[in-house]
Amino acid sequence: MSGTETSTDSGKHDFVVVSNRLPVDRVVEPDGTASWTRSPGGLVTALEPVMRQKDGAWIGWGGQPDLEFDPFESDDIRVIPVALSAREIENYYEGFSNDTLWPLYHDVIAPPTYNREWWDCYVEVNQRFADAAAEASAPGAVVWVQDYQMQLVPKLLRLLRPDVTIGFFNHIPFPPYGIYSQLPWRTQIIEGLLGADVIGFQRVADASNFQRAVRRLKGYSTKGYQVEVPLVDQSPGVRVFGEIKRQGTFRTVVARPFPISIDAQSFEELARTPAIQERARQIREDLGNPSSIMLGVDRLDYTKGIGHRLKAFGELLAEGKLSAEDVTLVQVANPSRERVQAYMELRNEIELTVGRINGDYGTIAHVPISYQHHGFPREEMVALYLAADVMLVTALRDGMNLVAKEYVACRFDEDGVLVLSEFAGASDELKRALLINPHDIDGVKDAILRAVAMPKRERTARMRSMRKRVIEHDVSRWSDEFLKVLESRAHNGTSGHELA
Ligand code: GDG
């Protein structure tokens with residue numbers, strides 16, 4: 001799908017999505033011709049109908065430095081590109097977003113870097129996105145801001161446009177206060193988020209962690225899922241959102257879980273395609289018809305627990321409890337954030353471990369780990385899900401983990417076993433997976449052995465129950481529920497309808 005670059009609209013929209021990345025990628029062909037291609041993600045699929053119905057616009061970065069573009073139409077979505085310079089990509093994106101916030105919000109699995117220049121750049125870039133949102137929003141519009149790269153946008157936008165209703169969804173965990181409080185800019189981030197009317201998190205625990213941070217840092221009261229934000233800050237001389245209102249008047253901010261999901265139906269449809277089923281059989285054959293295929297699909301990220309998974313698998317081979325003749329682990333490690341040091345180190349570590357396991361336990365005919373350091377088309381992913389007898393999701397911390405849900409959605413045959421980390425948000429919903437603590441290597445090994453040996457009846461019972469959950473709670477339900485709550489908050493902000 002390529003974008004047609006027209007600009008016939010009024011420039012003002014009733015529904016605006018703001019995210020770091022646009023839902024389209026700029027693709028330049030070898031002959032120099034360039035076009036925008038839709039990047040297929042659950043979020044775009046979920047928001048597409050709302051976008052069409054409400055004259056929506058999507059504000060984001062095009063993925064390359066200094067890409068200055070006028071807004072254009074792409075498959076009925078108005079796309080508004082925000083340009084980032086190479087320095088901004090380094091400081092705001094690779095730096096503050098991916099080397100400060102990402103590790104901090106994932107329980108400091110890797111040490112976060114606190115760099116003041118990165119922070120300054122994060123503020124600058126958030127301001128640019130807020131300006132773009134203010135410019136694109138029609139009076140009384142609904143603006144939905146996505147994820148941790150944009151946490152200051154709700155407040156900055158509210159200052160510019162108190163008439164709009166602002167939602168924010170955090171795709172990654174929100175850490176416990178003891179960890180969050182490390183952040184030198186912890187108060188500014190909380191204030192940034194509190195500019196929203198509704199703040200969505202993946203899990204109950206994330207919403208609670210956020211509320212605790214609000215109480216500790218701002219002294220505001222929280223009741224259930226609501227935060228009471230005084231329109232006049234208690235701290236002497238501090239103005240909240242630039243407006244001075246009656247003492248004792250609050251606006252309420254909803255901060256609650258909205259667990260994200262996938263477009264389950266489209267995954268199932270692909271899985272039911274004969275060509276993809278044939279491809280799944282082919283994969284099994286190409287792997288030498290092992291009795292069990294295990295699968296890991298992750299961005300190559302230290303939060304995903306790939307090393308822990310490999311350790312458990314390697315020990316089972318070493319102990320002779322699994323053999324390379326019987327079992328193959330396919331590990332898709334999608335390249336990610338390759339310019340960030342911690343990711344370079346992780347890649348080296350993982351590839352050393354894979355090499356050692358394959359060297360120690362492989363035979364000429366059988367390689368225990370088929371390691372794929374590249375992405376695949378979605379059809380191939382679905383074929384892999386269908387071919388996998390056991391899906392391994394061993395994240396050390398993960399907001400949700402969509403891979404777990406995709407595996408379940410694809411298994412219309414009600415077969416396959418999901419081994420799932422309790423530190424992934426998905427474990428709140430997929431309770432009939434084999435839940436593991438990835439730090440407990442013996443526990444992971446037991447779960448793998450149990451998965452490989454699980455009788456068909458038990459596999460079916462577990463998969464059936466997980467499928468029910470994923471099919472009923474798909475991504476459109478997620479966006480509908482979020483937007484329903486958000487729209488019910490319209491006119492609840494500083495525009496004069498405060499709750500006392
Ligand atoms: C963040 C949060 C939260 C992966 N490799 C390929 C490929 N993928 C797709 C998967 C899945 C997506 O990428 C990965 O989603 P996850 O949820 O597993 O993880 P993150 O990228 O870390 O996402 C996470 C999510 O946001 C949503 O809120 O669940 O916790 O960290 O859809 O299928 N897709 C294709 N080829 C690949 O090689 N086509």
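In the predicted model, the side chain of Arg-299 places an N or O atom 2.7 Å from an oxygen atom of the ligand. Two further polar contacts to ligand oxygen atoms come from the backbone: a polar backbone atom of Asn-401 lies at 3.0 Å, and a backbone N or O atom of Leu-402 at 2.7 Å. On its own the ligand has 730 Å² of accessible area, of which the protein covers 80%.

The shell around the ligand comprises 21 residues, and the closest are His-171, Phe-376, Asp-398, Leu-402 and Glu-406. By residue class, the shell contains 10 nonpolar, six polar and five charged residues. At least two shell residues are supplied by each of β13, α12 and α13. Domain 1 (2–260 + 478–499) and domain 2 (264–472) each contribute at least three residues to the shell.

Helix α13 spans residues 402–410. Leu-402, with its backbone contact to the ligand, and Glu-406, one of the closest shell residues, both fall within these bounds. The N-terminal end of α13 is capped by Asn-401, a side-chain oxygen of which lies 3.2 Å from the backbone nitrogen of Val-403. Asn-401 thus has a side-chain role at the helix end and a backbone contact with the ligand. Because eight of its nine residues are buried, α13 is largely enclosed by the rest of the structure. The buried residues are Val-403, Ala-404, Lys-405, Glu-406, Tyr-407, Val-408, Ala-409 and Cys-410. Their cover includes the helices α8 (264–271), α12 (378–387) and α15 (456–472), together with the strands β13 (292–299), β16 (390–393) and β17 (417–421).

Helix α12 is likewise largely enclosed by the rest of the structure, since eight of its 10 residues are buried. These are Glu-380, Met-381, Val-382, Ala-383, Leu-384, Tyr-385, Leu-386 and Ala-387. Among the elements that cover them are α8, α9 (274–286) and α13, as well as the strands β13, β14 (327–334) and β16. Helix α12 in turn is part of the cover of α13. Strand β13 is listed among the covering elements of α13 and of α12, and also supplies residues to the ligand shell.

At the level of the whole chain, the domain assignment gives domain 1, formed by two segments (2–260 + 478–499), and domain 2 (264–472). The C-alpha centres of the two domains are 32 Å apart. Contacts between them involve 19 residues of domain 1 and 23 residues of domain 2.

Methods:
Residues numbered from 1 in each chain as written. Predicted model: local features only at pLDDT ≥ 70, side-chain atom pairs only at ≥ 80, totals over all residues. Heavy atoms only, no water. Buried < 20%, exposed > 50% of the residue type's maximum accessible area, 1.4 Å probe, protein only. Helix = DSSP H or I, 4+ residues; strand = E, 2+ residues; numbered from the N terminus. Contact = heavy atoms within 4.5 Å. Polar contact = N/O pair within 3.5 Å; in protein donor to acceptor, adjacent residues only side chain to side chain. Near = heavy atom within 4 Å. Areas by Shrake-Rupley, 256 points an atom, 1.4 Å probe, with all protein chains shown as cover. Nonpolar A, V, L, I, M, F, W, Y, C, P; charged D, E, K, R; others polar. Domains from an automatic or database assignment.
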